[in-house]
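Please open the model in your viewer and keep the selection tool at hand. The tour goes from stop to stop, saying at each one what to select and what is to be found there.

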Amino acid sequence: MIDNGKQDPIQQDRMNHARAEMLGRLRRRKHETALEREFYCSPEEYQVDLEMIWYRDWLFVGHDCEVLNPGDYLTVQIGEYPVVVVRDRSGGLNAFHNSCRHRGSRICSAERGSVTRLVCPYHQWTYHLDGRLFAARDMGTEFDKTQWGLHRVHCASVGGYVWVCLAKVAPDFEPIRKHIEPYFLPHKLHQTKIAFETTIVERANWKLVWENNRECYHCSANHPELIRTFPETPTVTGVEGAERNPLITAKWSHWEDLGLPSRFHLSDNGQYRTSRMPLVEGAVSFTMDGKAAVRRPLIDSIAEPDLGTLLLFHYPSTWNHVLADHAISFRLLPMSPTETLLTTKWLVHKDAVEGVDYDLKRMTEVWLATNEADRRVCQENQIGVNSPAYDPAPYSPVHEGGVIQFVDWYCTELEGRLAQDARSSGSRVD
Ligand code: FES
Ligand SMILES: [Fe+2]
C-alpha cells in the first residue's frame, strides 16, 4: 500500500483551512437540517470528502461475474486514483493502482478486459496477474525486478460484489462480510452475467445524489414508472418503522421460511443497511406491468416469483436491488465538486438468453426513466444550492428520515475523522 495525499505547502495550507472550516460547521450544524452550501460546491471541501471518505472507506466497484476467470480485469477511477481489479491464476482477486511503476502510465484503459499479463502500453513493462514485475526491457544489470511490482489496493468480495479500499490501513471488512453475506449469497449473483449497463454523469455533488436516493418524497411527482411497483411509503424507503408494519413483517416471515434473510438490518455506524421489502401488491419486478422481466429466475431452487426487493446501501458508493428475476446495482463515483458518475448494471442468470428469457427494453425501461428523472432533479438541486441565497431548511420528519440518516452518517464520520487527524497532527481542534 502507498501513502496518500502528498501536497505542496500552499495547497496544504488551503486544505488545512478547509478542514478547520468544515469541522467548525459540522460542530455548529443544526440536526435534521440540510447542509450548508459549501459542502456541496467548494473545491477544497470536495477534496476533503475525497481524502476523508472516498480514500478511506470500502467502495463497491463491480461484480464477481465481471472478473470470473484468471486474467479478467475491471478498472475504476476513484477521485485521482485509477485502480485495476484482476483475477489471478489461483482464482484470487487483486486490486492495484493502475499506474505503471516505470513512469506512471495508466496500464489498463478499458473498463473491462482479459489478459495473460498486465502490459504497460508505453514501454511494455509487464506484470504478473498478482502484481509482480515480470519483465522490463534494458533496465541495466543493477535493476532489481522484485522491487518494482504494482502497488496494491485492498480488495475483497462478498455475495457477488467486489470492493476496494484505498486507505493504507483499511477498515476491517469482516463486519461488512458478515452483515451482507447471509442476505446476498442465496441469490447466487456470482452465477450471473451483466445483461445491460449504463453510465451517466449527474451534474450534482455526490451527497445530493445520495440525499435524493434516500427519500421517496419526490417519487409521486417524478417517477410515474417506478411507483407502479415500488411503494412510496417511508417505511420501505427510509430507515425506521418497517418492523411495526404487519404487512411487511408477514412477508419477512414468509421469505425467511424460504431461507432468505429479510429483516431490516442497519450497521452499528449507520453506513450500510440490508432489508427485503415488498413491492406494490401484485408486482414482482420493476417492470411497467409489474410482471417478471426474466423467465429464468436467479435462484433455481425457489419457485416463488415474489421475493420483493432485497435492498442494500453502503455509503458512499452503492445502492442495490435484488429481485427474484434479476438484480440491479448502482455505483456512484465522485468526479468533481458538482459532478457524480452513476453506473447502473442489470444482472440476470448466466444462462438466461436475451430475446428468449428476457426482453431488454422491458427489463430496463423503469430504471432508465427513473435514473434520468433523478439526474434532472439532482442537477436542478445543485444549481439552486450553488446560489449564495440558498438557505438550508429542515428535512421532512415524515418522508426524509433516510436523508437525515445519511447526513448524520456523513457528518458524524467526517467530524470524527477530521478531529482525529487534527489531534494526531498536533493542530488545535477546539
Ligand atoms: S510507463 Fe509503463 S513501461 Fe514506461
Ligand atoms: Fe428518485
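The stops below begin at a metal site, go on to two histidines and end with two pairs of helices, and throughout it should be kept in mind that this is a predicted model.

**The iron ion**

Begin by selecting ligand 2, the iron ion, together with His218, His223 and Asp374, since these residues supply its protein donors, at distances of 2.0 to 2.6 Å. Each of the two histidines is listed with its NE2 atom, while Asp374 appears twice, each time through an OD atom. If you follow the chain through the site, the donors are spaced as H-x4-H-x150-D. What makes the arrangement of the four donor atoms irregular? The angles that they subtend around the iron ion run from 55 to 152°, whereas a tetrahedral site would need all angles to lie between 85 and 135 degrees.

Now colour the two histidines by accessibility: His218 is buried, with a relative accessible area of 12%, and His223 is buried as well, at 1%.

**His179**

Next select His179, which is found in helix 4, residues 174–184. With a relative accessible area of 5%, His179 is buried. Leaving aside residues up to four places away in sequence, you can show what His179 touches by selecting His265, Leu266, Ser267, Tyr272, Arg273 and Thr274.

**His326**

Move on to His326, in the loop that lies between strand 15 (318–322) and strand 16 (327–336). Is this residue buried or exposed? At 0% relative accessibility, His326 counts as buried. Among the residues that His326 touches beyond its sequence neighbours up to four places away are Ser285, Trp346, Leu347 and Met363. Add Thr192 to the selection and draw a line between the C-alpha atoms: Thr192 and His326 are 134 residues apart in sequence, with 9.0 Å between them in space.

**Two helices against helix 10**

Select helix 1 (residues 9–28) and helix 10 (residues 401–424), whose axes come within 10 Å and cross at roughly 130°. That angle makes helix 1 oblique to helix 10, and the crossing is left-handed. The contact includes Met22, Leu23 and Leu26 of helix 1, with Tyr410, Leu414 and Leu418 among the residues of helix 10.

Finally, replace helix 1 by helix 3 (residues 43–54), which packs against helix 10 at an angle of about 90°, the axes being 10 Å apart. This makes helix 3 roughly perpendicular to helix 10. Here the contact is made by Val48, Asp49, Met52 and Ile53 of helix 3, and on helix 10 by residues including Trp409, Tyr410, Leu414 and Leu418.

Technical notes. Residues are numbered from 1 along each chain as its sequence is written. Chains are lettered from A and ligands numbered from 1 in the order in which they are written. This is a predicted model: local features need pLDDT of at least 70, side-chain atom pairs count only at pLDDT 80 or more; totals for chains, interfaces and linings use all residues. Side-chain values use heavy atoms; hydrogens and water are left out. Donors are N, O and S atoms within 2.8 Å of the metal (3.2 Å for Na, K and Ca); water is not among the atoms, so sites may look incomplete. Four donors count as tetrahedral if all angles lie between 85 and 135 degrees; four count as square planar and six as octahedral if opposite donors are over 155 degrees apart and all others between 65 and 115; anything else is irregular. Buried means under 20% relative accessible area, exposed over 50%, partly exposed in between (1.4 Å probe, protein chains only). Axes are lines fitted to C-alpha atoms, for helices over the stretch in contact, and angles run from 0 to 180 degrees between N-to-C directions. Helices (H or I, at least four residues) and strands (E, at least two) are DSSP runs, numbered from the N terminus. Angles under 35 degrees count as roughly parallel, over 145 as roughly antiparallel, 65 to 115 as roughly perpendicular and the rest as oblique. A crossing is left-handed if the near helix is turned anticlockwise from the far one by less than a right angle, and right-handed if clockwise. Contact means heavy atoms within 4.5 Å.
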